[in-house]
Amino acid sequence: MKLIHFLNQFPDEESCELFIKSYREKSGIFCKKCEKVTHHYWFSGAKFFECRHCRRRSSLKSGTVMENSKLPLQVWMLAFMFISATKKGFSCLEFQRQLGLSRYETAFKLMHKIRAVMGRRDSLYLLKDMVEYDEGYVEVATKKQIKNQLKRGKGSQRQAQVAVAVESTPLENPESGQGSKVCGYFKMEVLNKVDSENVNQFIKRNTDGDVVLFTDKNTAYVNLEKVVNTHFTVAAGKEETNDTLRWVHKAISNLKRNLLGIYHMVTYKYLQNYLNEFVYKLNRRYFGEKLFERLIIASIHPYVH
């Protein structure tokens, strides 16, 4: 959403309340007492929902990512707008400045709450058919006292291992006969260790159906036949891997550029949240201005409770 459109649509707190109320009614409201989505009545005077079955009352923010937040709804709506406005993202300091927040910690927590919701939304979808898989190594913030004592390169304690998978559909031009691949949905997850057990669990959690999996010849992939229908490996040569694992390598490259260019260095503790934001936007790369409303839906969906 463009800033001028946002200002016209959400000039005050009341307009934000009406918008959130409308979307919450469409998504369904989770009753914590009934422990399920139930029909709710809206009381406009006191501004709360009441469950038709147990009469439990819920605020407009209750059951959403905004629950227990003292920030006005207009600030939250601005946060959704800024995070969805650019493919690359904002640094926390810039985010704080744009929202007019007095404390850095408030902006930091707000951003990571939204990133966590992005991850929960993407967890609802699984990869199918043909899938590329590999790992990327992302450098994370390390204390200066111990940084020089750690080794460099692949496997360094300075780096975090990130599992990356993507749907890859082969296409062929009927006129020229040339083949190509189109990428679909992406998944990224921090791994404690790149071994057979962790890789197998990642593939099992994030794929569905008769999957054809493409990887390189890493020894951690020796038992992948147990979790996928078919497993193809490719030699570690540059041309072979660039052709077979094209999209997964592009995603790793773009991820590193994104983290380095905007955040410079991220901590291991919050790395998964940064991955959530990157992948959420990557999976919705063609949504354009609709990304704002999709982020609202993700943030108030009944799974957030």
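This tour of a predicted model visits one helix and then two pockets.

**Stop 1: helix α11**

Select residues 291-300, which form helix α11. Is this helix mostly covered or mostly open? Mostly covered: 8 of its 10 residues are buried. Colour L291 and F292 to begin with; both are buried. Then add the run L295, I296, I297, A298, S299 and I300, which is buried too.

Now show what lies over those buried residues. The cover includes α1 (3-9), α2 (13-27) and α3 (73-85). It also includes α5 (104-122) and α10 (271-283). Keep α5 and α10 on screen for the pockets.

**Stop 2: the largest pocket**

Select K87, K88, N254, R257, N258, F278, K281, L282 and R285. These residues line the largest pocket, whose volume is about 330 Å³. Two elements, α9 (246-263) and α10, each give two or more residues to this lining. Colour the lining by class. You should find 5 charged residues, 2 polar and 2 nonpolar.

**Stop 3: the second largest pocket**

The second largest pocket has a volume of about 270 Å³. Which residues lie nearest its centre? Select G119, S123, M188, E189 and N206. They belong to a lining of 17 residues. Elements giving two or more residues to it are α5, β8 (179-191), α7 (196-206) and α10. Pick out α10 here: it gives the most, with 5 residues. By class, this lining has 8 nonpolar, 5 polar and 4 charged residues.

**Last view**

Leave α10 highlighted. This helix is part of the cover over α11's buried residues, and it contributes to the linings of the largest pocket and the second largest pocket.

Terms used:
Residues are numbered from 1 along each chain as its sequence is written. This is a predicted model: local features need pLDDT of at least 70, side-chain atom pairs count only at pLDDT 80 or more; totals for chains, interfaces and linings use all residues. Side-chain values use heavy atoms; hydrogens and water are left out. Buried means under 20% relative accessible area, exposed over 50%, partly exposed in between (1.4 Å probe, protein chains only). Helices (H or I, at least four residues) and strands (E, at least two) are DSSP runs, numbered from the N terminus. Contact means heavy atoms within 4.5 Å. On a 1 Å grid over the protein atoms alone, a cavity is a set of points where a 1.4 Å probe fits but cannot get out, and a pocket is an open set with protein on both sides within 12 Å along at least five of seven lines; lining residues have an atom within 4 Å of a point. Grid points are joined across faces, edges and corners, and a volume is the space filled by probe spheres set on the points. Ala, Val, Leu, Ile, Met, Phe, Trp, Tyr, Cys and Pro count as nonpolar, Asp, Glu, Lys and Arg as charged, and the others, Gly among them, as polar.
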